[in-house]
Amino acid sequence: MLAATVLTLALLGNAHTCSKGASCEAGIVCRITKPALLVLNQETAKVIQTAFQRVNYPNITGEKAMMLLGRVKYGLYNIQISHLSIASSQVELVEAKSIDVSIQNVSVVFNGTLKYGYTGAWGLGIDQSIDFEIDSAIDLQINTQLTCDSGRVRTNAPDCHLSFHKLLLHLQGEREPGWIKQLFTNFISYTLKLILKGQVCKEINVISNVMADFVQTRAASILSDGDIGVDISLTGDPVITASYLESHHKAVLETWGFNTNQEIFQELVGSLPSQAQVTVHCLKVPKISCQNKGVVVSSSVMVEFLFPRPDQQHFVAYTFEEDIITTVQASYSKKKLFLSLLDFQITPKTVSNLTESSSESVQTFLQSMIDTVGIPEVVSRLEAVFTALMNSKGLSLFDIINPEITPQDGFLLLQMDFGFPEHLLVDFLQSLS
């Protein structure tokens, strides 16, 4: 449950800094409700199984005094897990403190080799090697705290407890089963409990933080493309209440330029000569703000038309600059992004006409074409472009149910149900192996 929760929170994490424990103005607030946590909890078993299997179980050696036999030397070697299953798990949110996960009936079967030796009658040294199997039943309680460290989610589990309901030693090929079991059962039980408590709890914490880094790296890739990216690093520690888990993020748009695909405009002005070209350049970084009426994008663009001379050499025939303010409403359905153009305003700034043959009517026609047809058409085509881009980043692999995107003054409210991002968990578990 812990790692699964971190996986979801980390989808909104990035690699920029924030002061540890500090809180500053957030651009995105991500709230995971208790029902959503229960969905994530369904996949807890896979992460816990991985933690048990990744533990490096050390060889155990020593010696013990035994009546009649003297000192018996022993060693447990090649300890491995041959079977593991989990019956159930529950999750609770403790206000302003931790995520508490209870895992019941973890059935684990260990196997390995027991070697022992002692001095028998007439001073003869006796050495034996027996394969063993340990059948155990364990309950696991993990109370985990979430913090922000350098803009990333970090986990810490100061309270991690294992309770053993069963621990049975089985020896294969026993020639002296009675006294060997009597000698080693209690010792093996005590030693194995210490190893599991220390190593398993440590591994769960390691896996949780490795998963956070894994998903945050994936998120950085999903939320960037070329010169466009979003800094959504954490601004402070995640907030835990009894009914939800909440994280705060910067959500600062970072972009270093924008060039449209000139073929779009080429098609819009089909009445121009066949070799005429039109290009659009962004003169400054677009400013994006959220208002009740929608998402408002403000920018300045320069449009250049190139007309061929009779000698086929191109030159700038007509250039103009405009300030454009566009308001759109976004929605997402059936794994597609939809952009509704609600309003746009265009303010001409400068005009440069370098060809004597260009008349006032041509200038009016060209500008009207861009203003009344070009902007709506570009918005329409961006739906397909952005959908393809998001799908290339893996968004289509998520099961997003009934999403709602509601613009408010200063922020966007996104609400949705979701299925567990199984593909991310599979990729993560494969990366561990």
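Me: In which strand is leucine 412 found, and which residues make the nonpolar surface patch of about 260 Å²?
Reply: In this predicted model, leucine 412 belongs to strand 18, which spans residues 411-418. Its relative accessibility of 34% counts as partly exposed, because that label covers values from 20% to 50%. The element asked for is therefore strand 18, and the nonpolar patch of about 260 Å² is made by Leu412, Leu414 and Met416.

Me: How many helices and strands does the chain have, and what share of its residues counts as buried?
Reply: The chain has seven helices and 18 strands. It exposes about 22,000 Å², of which carbon and sulfur atoms supply 53%. Among contacts with a separation of 6 or more, residues 24 or more positions apart account for 67%. Of the 433 residues, the share that counts as buried is 41%.

Me: Where in the chain is confidence lowest, and where is it highest?
Reply: The mean pLDDT of the chain is 76, with 75% of the residues reaching 70 or more. Confidence is lowest in helix 1 (residues 2-10), at a mean of 42, and highest in strand 9 (residues 239-240), at 92. Over residues 1-24 the pLDDT is below 50, although this stretch has 92 contacts in the model beyond near neighbours in sequence. Over residues 256-262 the pLDDT is also below 50, and there the corresponding number of contacts is 13.

Me: How many salt bridges does the count come to, and how far apart are the closest N and O atoms of arginine 31 and glutamate 246?
Reply: Side chains of opposite charge can pair when their charged atoms come close. The count for this model comes to five salt bridges. One of them joins arginine 31 to glutamate 246, and the closest N and O atoms of this pair are separated by 2.7 Å.

Me: Which strands hold arginine 31 and glutamate 246, and is glutamate 246 buried or exposed?
Reply: The salt bridge between arginine 31 and glutamate 246 links distant parts of the chain, with arginine 31 in strand 1 (residues 28-33), glutamate 246 in strand 10 (residues 244-249), and their positions 215 residues apart. Arginine 31 has a relative accessible area of 47% and is partly exposed. Glutamate 246 has a relative accessibility of 9%, and because the cut-off for buried is under 20%, glutamate 246 counts as buried.

Me: Which parts of the chain does the pair of glutamate 92 and lysine 34 tie together?
Reply: Glutamate 92 forms a salt bridge with lysine 34, the closest N and O atoms being 3.4 Å apart. Glutamate 92 lies in strand 3 (residues 70-94) and lysine 34 in helix 2 (residues 34-41), so the pair ties together parts that are 58 residues apart in sequence. Glutamate 92 itself is partly exposed, at 47% relative accessible area, and the parts asked for are strand 3 and helix 2.

Me: Is aspartate 135 buried or exposed?
Reply: Aspartate 135 forms a salt bridge with lysine 166, with 3.2 Å between the closest N and O atoms. The two residues are 31 residues apart, aspartate 135 in strand 5 (residues 125-149) and lysine 166 in strand 6 (residues 152-171). Lysine 166 is partly exposed at a relative accessible area of 32%, whereas aspartate 135, at 18%, is buried.

Me: Which residues of helix 2 are buried?
Reply: An α-helix has 3.6 residues a turn, so residues three or four places apart point the same way. The buried residues of helix 2 are Ala36, Leu37, Leu40 and Asn41. They cover an arc of only 150° around the axis, which puts Ala36, Leu37, Leu40 and Asn41 on the same side of helix 2.

Me: What is the phi of asparagine 78, and what is that of asparagine 105?
Reply: Most residues other than glycine have a negative phi. Asparagine 78 is found in strand 3 and is exposed, with a relative accessible area of 52%, while asparagine 105 has its place in strand 4 (residues 98-119) and is partly exposed at 43%. Both have a positive phi, near 55° for asparagine 78 and about 50° for asparagine 105.

Me: With which residues is glutamine 90 in contact, leaving aside its neighbours within four places in sequence?
Reply: Glutamine 90 is found in strand 3 and counts as partly exposed at 37% relative accessibility. Glutamine 141 is 51 residues away from glutamine 90 in sequence and 9.8 Å away in space, C-alpha to C-alpha. The contacts of glutamine 90 beyond those neighbours are Asn41, Asp100, Val101, Ser102 and Gln104.

Methods:
Residues numbered from 1 in each chain as written. Predicted model: local features only at pLDDT ≥ 70, side-chain atom pairs only at ≥ 80, totals over all residues. Heavy atoms only, no water. Patch = residues over 30% accessible without salt bridge, like charges linked within 9 Å, V, L, I, M, F, W, Y side chains within 5 Å. Areas by Shrake-Rupley, 256 points an atom, 1.4 Å probe, with all protein chains shown as cover. Salt bridge = Lys/Arg side-chain N within 4 Å of Asp/Glu carboxyl O. Helix = DSSP H or I, 4+ residues; strand = E, 2+ residues; numbered from the N terminus. Buried < 20%, exposed > 50% of the residue type's maximum accessible area, 1.4 Å probe, protein only. Arc of directions from axis to C-beta. Contact = heavy atoms within 4.5 Å. pLDDT = per-residue confidence, 0-100.
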